[in-house]
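I opened the notebook for a first pass over this chain. Overall make-up comes before detail.

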Amino acid sequence: MKAKGFFVFLAVVLSACIFFGCSESKESDYYNGGEKGPAMNEESGTAVDSTERKIVYRVTCNIEASDVEDSVEIILDNVKDSGGYVESSRSNSSGNTYAEFVIRIPTEKLEEFTAKFKDYGKVLSQSKSAEDITARYINMEAIIDAKSKELEILQEKVEESSSAADIKTYTARITELQIELNNYERQLAGYNNLVEYSTINIYLYEQGKAPAEVKYSTKLEKTFFGALNVFANVFKYLFLAIVAVAPFAVVGGGAAAGIYFGVKKYKAKKAKNAPEDQKNEDNKEKDD
């Protein structure tokens, strides 16, 4: 009976773990964008058409080259052939042991360009990120549209008004709007540039000169401790689940124990009274 009670309790705990795990997963997906829903216009709160999402891609690559100068020449040639440009670059004083680049490549040629990383030397590490800025882009367009309409209305009022005071007020607001529109339009152009031209960061090191943080052994160490962190989180949620079901387990366990001992006591009492009841029946038969 004790073993059966233990398994019942264990089943309750595991069910709670599954429930809390699913809840946590759904919450995480919601806040982290696990299920990509339609982008929202921040001003109106309405869904944005997702037929043409605005995605910003960024790539980072650490490379160990046997000849840094030769690799630099190959990189610059590939940038030119891809229709991109070097946004910034830096190298050490001699120029032959280290170099880094921030490169902008047309997004449609990003995969083709990154496939050539191995031509520059040994790829130590490579990462790629994608940021969806659709909602911000649509929101910026809406702001520009609203302010453009306000500007048109004020310009019409200036033409129609005969009051010098009103014209002065309208003109002042028109100047403010023009400054704001220029600022928003520059931001929108910046968004377009980020979307149309992906950003690539390349770090070139002479063979044997790469810093420890980009070497495989260091990445292996980070991966190991990252796995330990995952296990720690699993045990954390298991403990939370046990704490959550503990009150129900105590109440349920108490009730079950009460029923168990009540039934046990009843059976013992019944077994004890059985001989006496049998004796009474025998005496009754004799009397008859």
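How many helices and strands make up the secondary structure of the chain? I counted six helices and five strands. I note that this is a predicted model.

**Layout.** I then read the elements along the sequence. They follow the pattern α-β-α-β-β-α-β-α-α-β-α. I also looked up burial for the chain: of its 288 residues, 23% count as buried.

**Strand β5.** I turned to strand β5, residues 197-206. Is this strand largely enclosed or not? Seven of its ten residues are buried, so I logged β5 as largely enclosed by the rest of the structure.

Next I checked the pairing of β5. Strand β1, residues 55-65, pairs with β5 in the parallel sense, over eight bridges. I picked out one position here: Ile-63 stands opposite Leu-204 of β5. Strand β3, residues 98-106, is joined to β5 by nine bridges, and these two run antiparallel. Which residue of β5 is the bridge partner of Tyr-98? I found Tyr-205.

**Charged surface.** I moved on to the surface. Asp-67, Glu-69, Asp-70, Glu-73, Asp-77 and Asp-81 form a negative patch there. I followed up one of these residues, Glu-69. Where does Glu-69 lie? I placed Glu-69 in helix α2, which spans residues 68-82. Its relative accessibility is 44%, so I entered Glu-69 as partly exposed. The reasoning rests on the cut-offs: buried is under 20%, exposed is over 50%, and partly exposed is in between.

Methods: Residues are numbered from 1 along each chain as its sequence is written. This is a predicted model: local features need pLDDT of at least 70, side-chain atom pairs count only at pLDDT 80 or more; totals for chains, interfaces and linings use all residues. Side-chain values use heavy atoms; hydrogens and water are left out. Patches are made of residues with over 30% relative accessible area and no salt bridge: like charges are joined within 9 Å, nonpolar side chains (Val, Leu, Ile, Met, Phe, Trp, Tyr) within 5 Å. Accessible areas come from the Shrake-Rupley method with a 1.4 Å probe; for residues, only the protein chains shown count as cover. A salt bridge is a side-chain nitrogen of Lys or Arg within 4 Å of a carboxyl oxygen of Asp or Glu. Lys and Arg count as positive and Asp and Glu as negative; His and the chain ends are not counted. The place of a charge is taken as NZ of Lys, CZ of Arg, CG of Asp or CD of Glu. Helices (H or I, at least four residues) and strands (E, at least two) are DSSP runs, numbered from the N terminus. Buried means under 20% relative accessible area, exposed over 50%, partly exposed in between (1.4 Å probe, protein chains only). Two strands pair if DSSP finds at least two bridges between them.
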